[in-house]
Amino acid sequence: MNIVILSRNAHLYSTDRLVEEAENRGHKVEIIDPLKCDIIIEKEKPTIYYKDRYLDYVDAVIPRIGASVTFYGCAVVRQFEMMGTFTTVTSDAILRSRDKLKSLQRLSKAGIGMPKTVFTNYSRDVEEVIDHVGGAPVIIKLLEGTQGLGVVLAETKNAAESVLEAFNGLQARVIVQEFIKEAKGADLRALIVDGQVVGAMKRQGKEGEFRSNLHRGGSAKIIKLSDAELKLAIKAAKALKLPVCGVDMLQSARGPLLLEINSTPGLEGIEKATGKNIAKSIITYVERNRNA
């Protein structure tokens, strides 16, 4: 097959591994920067022009679209869809997952457990917002934050009110979530491919850090998920129609709680923690669907 990986950085671990596994299985792979693609819209013949050629020979696309280029990146993925090209994640699914508020609303409707969450339109009654999630401490998140950026732990009611008032003053939209103390700065990441969990790890934040993101100094180890955790991860991916994704969960006294879903999860942390060949799982998923 002719496989295109949509990525702005050809040297990222995840991109390298996908190229390696695809080539090992005899496929031709190109890494294409979505921002350098021209989308040509015309009657009955949607096409994409990249550098000096039309991309009308592509059999499958693996999007690795960063949050900062979501709009144009998804437009390119959508154009491939219009051309009848298989994609591991659709443009609509990426957009659904990137909208934190919309995705939480859909997941709540699907009956998926999550920390109590409140969204408000710059409410002046910040005390009431804090009470809605059970009082301090609370987690305050920017709606457009990624990789642990724009996430604040407010340990007291006064601190929470100050942070909310500051964000409101900047007209920055935030969600407020209950703090799950018993998680102890750790979360679980389940990697889903074709509706199944193919690897799982437990990420632990460094000393004094409530965020477990690996690039912030956290550590990771392989973990066997409980039946409840497996069920939640698979159900959440299905609810957002994401056949390939990373599902982040917290372990709480009332069972697993969904933290968020990443539509283009990195492979480095989970492959190293689990020793599993996640990149190969993604390529074989492409093969099964391209040949279906």
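Is Y54 buried, partly exposed or exposed, and at what relative accessibility? Y54 has 45% relative accessibility, so this tyrosine counts as partly exposed. That value belongs to a predicted model, and it opens a short tour of the aromatic rings and of one helix contact.

**Aromatic pairs**

A handy reminder before the numbers: a pair of aromatic rings is described by the distance of the centres and the angle of the planes. This structure holds 2 aromatic pairs, set out here.

| Pair | Centre to centre | Angle between planes | Geometry |
|---|---|---|---|
| Y49 and Y54 | 4.9 Å | 65° | edge-to-face |
| F86 and Y285 | 5.7 Å | 65° | edge-to-face |

Y54's partner, Y49, is partly exposed, with a relative accessible area of 27%. For the pair of F86 and Y285, the surroundings are buried on each side: F86 has a relative accessible area of 19%, and Y285 has one of 5%. Buried means under 20%, so F86 qualifies with its 19%. This pair also links distant parts of the chain, since F86 sits in strand β7 (residues 86–87) and Y285 in helix α9 (residues 278–290), 199 residues apart.

**Where α2 meets α3**

Now to the helices. The axes of α2 (residues 70–82) and α3 (residues 91–98) come within 8 Å and cross at roughly 155°. Angles over 145° count as roughly antiparallel, and α2 and α3 are therefore roughly antiparallel to each other. On the α2 side, the contact involves T70, C74, V77, R78 and E81, which meet S91, I94, L95 and R98 of α3. Sorted by class, this contact has 4 nonpolar, 2 polar and 3 charged residues.

Definitions and conventions:
Residues numbered from 1 in each chain as written. Predicted model: local features only at pLDDT ≥ 70, side-chain atom pairs only at ≥ 80, totals over all residues. Heavy atoms only, no water. Axes fitted to C-alpha atoms, helices over the stretch in contact; angles between N-to-C directions. Helix = DSSP H or I, 4+ residues; strand = E, 2+ residues; numbered from the N terminus. Parallel < 35°, antiparallel > 145°, perpendicular 65-115°, else oblique. Contact = heavy atoms within 4.5 Å. Nonpolar A, V, L, I, M, F, W, Y, C, P; charged D, E, K, R; others polar. Phe/Tyr/Trp six-rings, centres within 6.5 Å; stacked < 30°, edge-to-face > 60°. Buried < 20%, exposed > 50% of the residue type's maximum accessible area, 1.4 Å probe, protein only.
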